[in-house]
Amino acid sequence: MDRGNQSVVSEFILWGLSQSQSVQALLFVVFLTLYLFIVSGNTVIIVLITTDRHLHSPMYFLLANLSFIDMCLSSNTTPKMISDFLRENKTISFSGCMSQIFFAHCIAGGEMMLLVAMAYDRYVAICKPLHYFTIMNLKRCSGLVLVSWTTGFIHAMSHLLVIVELPFCGPKEIDSFFCDMPLVIKLACMDSHDLDILMNADCGVVATACFILLLISYTYIIITIRQSSKAGASKALSTCSAHITVVMVFFVPCLFIYVCPLNIIWLDKFLAVFYSVFTPLLNPAIYTLRNKEMKNAMKRFINNHLGPKGNL
């Protein structure tokens, strides 16, 4: 099919999460509130880590980058979803749809690699503590963040260059609240079965490789913790349990959406919402509520900027 037929579809129609106006009004309030918590929670983490010298360490440098990625991940789809709750015609332009696909995979690929970098950081801190600051210097940390974004960019471009060339000439309704890659591929005027498998395999390679690296890293860490003293093991285990929780919260929905799709519409929507809204919301809570240093940094920030001295 020639490229001239592709110009027939200039926009797509998003079905969203519900067709009921009353339900959409409720969802608007709920998701607007959640999105404000996402932005404010992750912004607080970035500000605390940037301004508090007690948090100027490799682990918190990577955590600040994770908070930034989480905000980007949610901002790619959530504002559009929230605004569509108030619209009767939920449309998105072809270029806007392609942008959502690109940034969804760029950010997700970057976050996967960043979680691997954070696991490596904990591995060095616990398994090679005497060499920690030599190995995890600023140059190494910056390099890990750069590799994360580069991996995400290459991963996203590999999808975008294929999808943007597909012939879209007829169906344009997407039963979701954003342009999800598998759903967009199904709209192409061609037999997309093999392509869908190929794209899922591409996602599977990245996700599975990162997940295996994470499993290996945390296995070594847990073995080392079990062999160390109780005093040091308690703090290390608390930190690692927070990391492992974040990994599971991020990877489980991702694996079921792209690697092993269940093709159950309501479940796919739930996983997509969990992945793009609840994961960025839970990360700040997990790292602040379970982290004594973050709590102390919050108290110092409040005392310095909002306390009696800060009001003078």
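**View 1. Span and burial of helix α4 in the predicted model.** Helix α4 (residues 94-127), where helices are DSSP runs of H or I with at least four residues and strands are runs of E with at least two, both numbered from the N terminus, has 34 residues that should span 50 Å at 1.5 Å a residue, and its end C-alpha atoms are 49 Å apart, which agrees; the expected span is 1.5 Å times one less than the number of residues. Of the 34 residues of α4, 26 are buried (under 20% relative accessible area, with exposed meaning over 50% and partly exposed in between, for a 1.4 Å probe and protein chains only). This is a predicted model, in which local features need pLDDT of at least 70 and side-chain atom pairs count only at pLDDT 80 or more, whereas totals for chains, interfaces and linings use all residues. Residues are numbered from 1 along each chain as its sequence is written, and side-chain values use heavy atoms, with hydrogens and water left out.

**View 2. The nonpolar cores.** A nonpolar core is a set of buried Ala, Val, Leu, Ile, Met, Phe, Trp, Tyr and Cys residues joined through side-chain atoms within 4.5 Å. The largest has 75 residues, and those with the most contacts inside it are Phe12, Cys97, Leu115, Ile163, Phe168 and Val184; helix α4 supplies the largest share of this core, 17 residues. A second, separate core of 13 residues includes Leu34, Phe177, Ala272 and Val277.

**View 3. Strand β1 and its partners.** Strand β1 (residues 11-14) has Phe12 and Leu14 on its covered face, and Glu11 and Ile13 on the uncovered one. With strand β2 (residues 91-93), β1 pairs in the antiparallel sense over 3 bridges (pairing requires at least two DSSP bridges between two strands), and Ile92 in β2 is the bridge partner of Phe12. With strand β3 (residues 173-174), β1 pairs in the parallel sense over 2 bridges, and here Ile174 is the bridge partner of Leu14.

**View 4. Surroundings of His155 in helix α6.** His155 lies in helix α6 (residues 138-163) and, at 8% relative accessibility, counts as buried. Leaving aside neighbours within four places in sequence, His155 is in contact (heavy atoms within 4.5 Å) with His105, Asp202, Cys203 and Val206. Gly109, although 46 residues from His155 in sequence, is 6.7 Å away in space, C-alpha to C-alpha.

**View 5. Asn65 in helix α2.** Asn65 lies in helix α2 (residues 58-75) and is buried, with a relative accessible area of 18%. Apart from residues up to four places away in sequence, Asn65 touches Leu114 and Val145.
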